[in-house]
Every structure is written in C-alpha cells, then in structure tokens.
Amino acid sequence: MLNLERLRTLDALARHGSVSGAAAGLHVTTSAVSQQMTKLEREVGQQLLAKNGRGVRLTDAGRLLAEHAARILSQVELAKADLEEQRGKAVGELRISAFPTAMRGLLPGTLTALRAGHPGLRVRSQEMEPQLGVAAVVRGDIDMAVVLDWYNKPLPMPEGLIKASLLDDPADVAMPATHPLADRSEVDLEEFADDEWITWAEGEFCHEWLMFTLRAKGIEPRIAHRAEEHHTQLALVAAGLGVCVAPQLGRDPMPAGVRTVPVRHRVRRHVYAVWRADADRRPSIRAAVEALQGAGAALGQ
C-alpha cells in the first residue's frame with residue numbers, strides 16, 4: 001500500500017527539484033523529507049533518489065512514480081471537492097495567499113467574514129507576491145491566491161486555473177508636498193521624466209510594469225530607491241527622496257508631507273483570486289470568493 005503523504009513528498013521533490021525546496025513547500029524540515037523518501041523507497045523496493053553533486057535527482061523509477069503521484073494527488077483533490085460539495089458546507093482547511101497590499105487592505109475583512117459565516121472552516125493565510133502565489137496554487141501548496149494585473153500588463157496565467165474578479169484598484173502618483181505638481185488635480189506620467197523614482201525590487205511584477213509603462217512613454221526612469229512595501233516607499237517620498245506609484249488598496253494611513261495625485265489616463269490594478277480547476281466545486285472556495293468580493297465592495301473601489 002502506497003502512503004499518500006509519502007507520495008505527496010515525492011511530488012513536491014519532483015516539482016521543486018530539491019530536498020530543501022520540497023521541505024519549504026510542504027512546511028516541514030529537510031530531514032522529514034528525507035525520512036519520508038527512505039520509507040517510500042522501502043515500500044516500493046526500488047531506489048527513487050540518486051545523488052547529484054550536493055543535491056539529489058529522481059531516478060527513472062522516481063520519475064515514473066512521481067508522474068503517478070501527481071495524478072493520484074489530483075484525484076484526491078477532486079474527491080475532497082466532491083465530498084465537500086456533497087456535504088454542502090465550507091469546512092476543513094483553506095490556504096490563501098495575497099500580495100502585500102491586498103494582505104493588508106483586503107484579507108482582514110475577508111478572514112473576519114469567513115470566521116463568522118463558516119465556523120467549521122480553518123483558514124491559513126500568508127503574504128506572497130503574485131507570481132509566487134500563482135506558482136504555489138499550480139503546485140498545490142496553497143488553495144487560492146489573490147493576485148493582480150496592471151491595466152496594460154497582464155500577469156502570465158498557466159492553464160488549469162480559474163479566476164474571479166474582486167475589485168479594480170486605482171493608483172496615483174505620490175510625491176512630496178513641496179513638489180511642483182503637488183497641487184494639481186491630475187498629472188501625466190510624462191511630467192515625471194526628470195524625477196527620481198522609488199520602486200519595487202528588481203524582477204518583481206510591479207517593478208517590471210513600471211519600467212514597461214514609463215519606457216512606452218519614451219521615459220527612461222531614474223531609479224533612486226527600491227522598497228518592497230508601499231508604506232516604506234511612501235516614507236521615502238515623505239523624506240523628499242523621490243516619487244512613486246501609490247495604489248489605493250491598503251494605502252492608509254498616509255504619512256505627513258505626501259501628496260497623491262491621480263493620473264489623467266487612469267492607472268488601475270485589477271485584483272482577482274485564482275484557484276485550481278480541480279477544486280472549483282469546493283464550497284470553501286466559493287465561500288472565500290464571496291468573502292473577498294464582499295471585502296472589496298466594502299472598500300468602495
């Protein structure tokens with residue numbers, strides 16, 4: 001008899017490509033992964049892992065069993081969805097990720113509503129950038145991710161996922177109160193061609209959007225500072241160190257000395273939830289979508 005948790009460990013190893021990656025994805029220690037694999041090899045009577053430099057690789061038998069494990073685990077998810085649907089209640093565990101401003105501006109209301117309306121549902125949430133959230137849903141590490149598209153740059157979306165719209169999030173330009181454009185009712189991004197920008201980390205989806213958008217307008221942005229969090233970016237703006245794009249979701253409280261001005265041709269982020277198609281019938285998924293949409297509507301955005 002093949003042990004399901006050991007198959008899940010093998011599947012994680014195949015997806016992540018390393019013992020440490022599998023351990024992180026499963027939220028266990030590396031020694032726990034190694035122990036599970038040793039027991040699985042004993043069960044099947046074949047070597048599933050081989051040394052590869054400092055790491056390991058799957059043997060032919062390991063790859064073959066990993067392919068079966070992925071199909072078995074997908075069927076397990078379908079079975080769980082069917083049982084949950086038949087029961088008709090949102091119960092069990094639901095794992096959700098959200099990008100930082102959604103985690104701050106959208107998740108508290110969502111989690112409060114789920115706790116009140118579905119006491120049998122245990123929700124675990126974590127902050128995760130959009131690309132990482134999508135990948136985690138595909139791998140099965142989480143059940144749902146709250147992610148975003150920019151109005152002119154969609155987030156790449158793999159097959160096998162379903163999504164639901166939550167809200168549109170307007171974004172302004174934040175600048176020091178002493179900036180020459182601070183008293184304007186609207187601005188164009190081109191007017192900041194000579195300003196220093198405060199942006200996100202290299203490679204992050206929002207940073208790539210900003211570079212793409214400014215360069216499309218003939219502006220080669222002058223990047224002065226990088227910060228992961230919007231509130232950190234706004235603190236740098238308040239110190240007079242540059243300008244930044246400031247979405248409205250999760251933005252308050254605004255620091256003193258900062259002015260936000262809308263862009264004439266509106267800049268918006270489209271916020272939505274994604275989950276795997278094989279989990280679509282789960283009442284807990286539908287309950288989470290409803291709670292997220294309710295929290296978005298309460299923001300009035």
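What volume does the second largest cavity have? About 30 Å³, and the views below, drawn from a predicted model, come back to that spot after a quick look around.

**View 1. The whole chain, for orientation.** The protein is built from ten helices and ten strands. Its C-alpha atoms fill a box of roughly 75 × 50 × 30 Å along the principal axes. Of its 301 residues, 45% are buried. Keep those figures in mind while zooming in.

**View 2. The second largest cavity and the residues around it.** This void, with its volume of about 30 Å³, is lined by Ala171, Asp172, Val173, Leu189, Trp209, Val245, Val263 and Val267. Sorted by class, that makes seven nonpolar residues, no polar ones and one charged. Two strands, strand 6 (161-176) and strand 10 (258-276), each put at least two residues into the lining. Strand 6 has the largest share, with three residues. Trp209 is worth picking out of this lining, as the next view is centred on its ring.

**View 3. Trp150 and Trp209, face to face.** Searching the whole structure turns up two aromatic pairs. In this one, the ring centres of Trp150 and Trp209 are 3.6 Å apart and the planes make an angle of 5 degrees, which is under the 30 degrees cut-off, so the pair counts as stacked. Trp150 belongs to strand 5 (residues 144-150) and Trp209 to helix 8 (residues 205-216), so the contact ties together parts that are 59 residues apart in sequence. Are these two rings buried or exposed? Trp150 is buried, at 3% relative accessible area, and Trp209 is buried too, at 1%.

**View 4. Phe192 and Trp197, edge to face.** Here is the other kind of geometry: the ring centres of Phe192 and Trp197 sit 6.2 Å apart with planes at 65 degrees, so this pair is edge-to-face. The angle clears the cut-off because edge-to-face needs planes over 60 degrees apart. Phe192 is buried, with a relative accessibility of 0%. Trp197 is buried as well, at 1%.

**View 5. Two lysines over aromatic faces.** Lys153 lies over the face of Phe212, at 5.0 Å from the ring centre. Lys163 does the equivalent with Tyr272, lying over that ring's face at 4.6 Å from its centre. If you're setting up a display of cation–ring contacts, these are the two rings to show: Phe212 and Tyr272.

**View 6. The largest cavity.** The cavity count, at 30 Å³ or more, comes to two, and the largest has a volume of about 70 Å³. What lines this larger void? Its lining is made up of Phe99, Pro100, Thr101, Glu129, Pro130, Leu148, Trp200, Cys206, Glu228, His230 and Arg269. By class, the split is six nonpolar, two polar and three charged.

**View 7. The largest pocket, with its charged lining.** The largest pocket holds about 690 Å³ of space. Thirty residues line it, and those closest to the centre are Arg8, Glu77, Lys80, Arg95 and Gly140. Which elements give two or more residues to this lining? They are helix 1 (4-16), helix 2 (19-26), helix 4 (60-87), strand 3 (92-98) and helix 7 (130-139). Helix 4 gives the most, at eight residues. As for chemistry, the lining divides into 17 charged residues, eight nonpolar and five polar.

**View 8. Residues 2-59, and Val56 within them.** An unreviewed UniProt entry lists residues 2-59 as "domain: HTH lysR-type". Over that stretch the chain is 62% helix and 14% strand. The C-alpha atoms at its two ends are 18 Å apart. Zoom in on Val56, which is found in strand 2 (residues 55-58). Val56 has a relative accessibility of 27%, so it counts as partly exposed. From Val56 to Leu13 it is 43 residues along the sequence, but 9.4 Å through space, C-alpha to C-alpha.

Note on methods
Residues numbered from 1 in each chain as written. Predicted model: local features only at pLDDT ≥ 70, side-chain atom pairs only at ≥ 80, totals over all residues. Heavy atoms only, no water. Phe/Tyr/Trp six-rings, centres within 6.5 Å; stacked < 30°, edge-to-face > 60°. Helix = DSSP H or I, 4+ residues; strand = E, 2+ residues; numbered from the N terminus. Buried < 20%, exposed > 50% of the residue type's maximum accessible area, 1.4 Å probe, protein only. Lys NZ or Arg CZ within 6 Å of the ring centre and 35° of its normal. 1 Å grid on protein atoms, 1.4 Å probe; cavity = no way out; pocket = protein on both sides within 12 Å on 5 of 7 lines; lining within 4 Å. Points joined across faces, edges and corners; volume = space filled by probe spheres on them. Nonpolar A, V, L, I, M, F, W, Y, C, P; charged D, E, K, R; others polar. UniProt positions renumbered as here; feature names shortened; annotations may be inferred.
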